[in-house]
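Got your viewer open? Here's a short tour that tells you what to select at each stop and what you'll find there.

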Amino acid sequence: MDLPLYTYDNCKLGDPSSGIRLLSFLHIAPGEPISCALQEIPTLASATYHCLSYTWGDPFGRDDKHCSDTANPAKSPPDQDREQQQPESSAEEKLWAPTLIIDGKSALPIGRNLYDALVHISVMPSQRAKLSAIWIDAVCIDQSNDAEIGCQIKMMHAIYAGASSVVIWLGPDISIPTGSDPAKLRVVAATVRAQLGNKAVAGSASWDLFLAELHDGEVVERREDLAAIQQIEADAWRAVGELASREYWQRLWVWQEVIAARKEPVVVCGLEELAWEDLRLASHARIVFPGAKLGHGEVLLRRGMRTRNFPYQMAWWRDQYRARGTDWLRQKFGRLVLSGNRNAFVCGDERDKIFAHAGLCGRTELAAWDYARPFEELYVHWWCEIMQRVQEVNFLTFVEDAGARKLRPQMKNDARHVELPSWVPDLRCCLEPPSMWDFFQGSESFDISRDLEGKFPSGYQKSTANGLEVVPERRQLRMWGYRFDAVRMCGESTDEAQRLKAVPKLVALFAAMVRSISNVSEGIPHSGDGENLPEPPSTAGNPYGTVDGACDAVWTSMALLADTDADPSFPIPEEHKKRAMLWMCHAMAYGSILGAGNAYTREQDQILQELGDVGGEELRTMIAQYACAHRTRLQGESAAEPIEQQDTQGPSSAFSWQPGVGSVGMAALASGDWGLLRMRVFLTVEGWVGKGPESMAPGDELWIVPGAKIAFVLRRMGQVFSYVGHAYVHGMMGGKASHRFRGLDMEEIVLN
């Protein structure tokens, strides 16, 4: 029978800032519309209720058209001890649109995953009673009413905190032939708990600390001594990975729903119920004990989603919130929005990037929680308020590279092609590259403006102590600083190296450094990007003085962030130099492995040939050896023997390394190492080397702003600048640039 669409006219909220609606389900059967009733509750304290936490889309991250067969719980594996009968379904239900019949009078279409959840929960004895009074966001909030959505969103953390229980729905159980994924996860959790004894007490901080200690690699023998854990079958680890990487864990609102829950959430997958602590324990163990039975190739990195969020990480936040409360989380609000949760979660509406954190973090004063407000207006208003209030110029390091915007997830307002000011973070995108200020914040030597006291021009009346000023009506940011240098050459980013199968720009940059110090007067071809810029200075003017110094500058810049142990505060360890050299050798050998004799590889070979008299022969030998080792690996043979043989072949022995293993190497090119992604090595006009954003180009300028721990890359646009990103400059950190500008007046920088 045809019913009119439900319009919420018969269940309006008297006060949407304090009341909610609750669902009561009356009849649920697979392949049929679900009957329910909807009623208003004036306050959260006036009723006992439960909450469902789930993802609106497909639980496996597929398009909806691929999940038409997931509503049948009969596809879950049989369990001899299960009391309930598996609901049956017919072929017709696959073509049927999931629908709620509300109060027997009108229909409301719902998502397939929500329908699956209701059908499964309805036949679980331990959970089905909760369907008599349950809050489900997609139904209990009028999704056509922006004003109501804004009010209810402010209450989300209170709604979940006030619920008697929170049920997490991970989706149907797509079990492997040897058993269900939930059952295998329980085996992993039980084995780890039995092996580690009191170190694995549920909810104790000692478990996380113990695993973190193991993860550092400090006690490898103890890890190997944990025989029972080491013997866990690969299928069990895969089951843990499959459940811990479901689409549910990537949804932004889930973060708040899980953390705010008063009691431990109940996890449901198919017809299996999982203990929250088992899921937490097993997902953490999979990170610490990846197991020899799981190859590195099984680790999935999705482009545009650099961080994989796991239940154990969310459990840590939940523990902290339960122990420290909203005041502690309030202090984390800016970091969570700008970096902490930005890369780990996705959402469908741009405004949720801020709204999903504000309530739980106690930021109820955030102006205009209104979904009718354009997201770009919200972003600019929010960022202007932050910059005016905190007066922290280093927050500019949380602005993503322009290249990250190309791969961001599809969102609600994409068709409008909105452009934000260059200095305002586009929260729709991942933070790539990572903030070096945030990463090295504890290191005093990682401070390019240390001991630099900026001098304002005489007569300038500053409105703030550091001259940082937001001009909201013009959407501009004004600050003061010193022009340090201009970019002359840039190497390839990881994406470019993978696409071109060669790195002629990086080789040219390296060659230019060696030639300038070796007093070779002729120029080096370098892909045309810097043809109209001055050549690097000769030996006398080179800032690094020796070939070894220049090499260290290149190696450190390449290893920075790509190897999390790289610290520019100390002389570069030989290990990092080998890693960086290996990455470069691999990049140069990449085209040879694939037989890609393109213009880029030919240009690269020409540069190396011309460099032969100043070290190019050794470089070419290493490239050839590395290419040979990679061919062996790609052909499925053991690479260990050829690598060991290289140890007897003279200078290249320092670079003998297992191909494809480590932070930098084949994985960096194939998957996009998080530190190298959106970054490239550069050479300045004065001969300084560093690492900066992918979007930087020859002609961009490096500026040092007092108080900023990292240099800023700016692009001159007439009388104003466009913000490009931030950059590490080798040899200038730790306040070494301060003497250059002592006594000089700063210049005004206006960012559009």
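## Hunting for salt bridges

Search the whole structure and you get 22 salt bridges. Keep in mind as you click around that this is a predicted model. The basic idea behind this part of the tour is simple: side chains of opposite charge can pair when their charged atoms come close.

**Stop 1: Arg 335 and Asp 438.** Select these two and show their side chains. They meet in a salt bridge, with 3.0 Å from N to O. Which helices does the pair connect? Color helix 12 (residues 333-340) to find the home of Arg 335, then helix 15 (residues 436-439) for Asp 438; the pair therefore ties together parts that are 103 residues apart in sequence. Now turn on the surface. Arg 335 has 29% relative accessibility, so it counts as partly exposed. Asp 438 is partly exposed too, at 28%.

**Stop 2: Asp 349 and Arg 351.** Select this pair next. Their closest N and O atoms are 2.8 Å apart, and they form a salt bridge. Are these residues buried or exposed? Buried means under 20% relative accessible area. Asp 349 has 7% relative accessibility, so it counts as buried. Arg 351 is buried as well, with a relative accessible area of 5%.

**Stop 3: Arg 716 and Glu 701.** Jump to this salt bridge, where the closest N and O atoms sit 3.0 Å apart. Here the partners lie in strands: Arg 716 belongs to strand 15 (residues 711-717) and Glu 701 to strand 14 (residues 701-704), so the pair links parts of the chain 15 residues apart. Check the surface again at both ends. Arg 716 is partly exposed, with a relative accessible area of 43%, whereas Glu 701 counts as buried at 7% relative accessibility.

**Stop 4: a network.** Select Glu 277, Arg 280 and Asp 319 together. Salt bridges link these residues in a network.

## One last stop: Ser 53

Leave the charged pairs and select Ser 53. You'll find this serine in strand 3 (residues 50-53). Its relative accessibility is 0%, so Ser 53 counts as buried.

What does Ser 53 touch, leaving out residues up to four places away in sequence? Show these neighbors one group at a time:

- Tyr 160, then Val 166, Val 167, Ile 168 and Trp 169, are among the residues it touches.
- Tyr 248, Arg 251, Val 254 and Glu 257 are also among its contacts.

Terms used:
Residues are numbered from 1 along each chain as its sequence is written. This is a predicted model: local features need pLDDT of at least 70, side-chain atom pairs count only at pLDDT 80 or more; totals for chains, interfaces and linings use all residues. Side-chain values use heavy atoms; hydrogens and water are left out. A salt bridge is a side-chain nitrogen of Lys or Arg within 4 Å of a carboxyl oxygen of Asp or Glu. Helices (H or I, at least four residues) and strands (E, at least two) are DSSP runs, numbered from the N terminus. Buried means under 20% relative accessible area, exposed over 50%, partly exposed in between (1.4 Å probe, protein chains only). Contact means heavy atoms within 4.5 Å.
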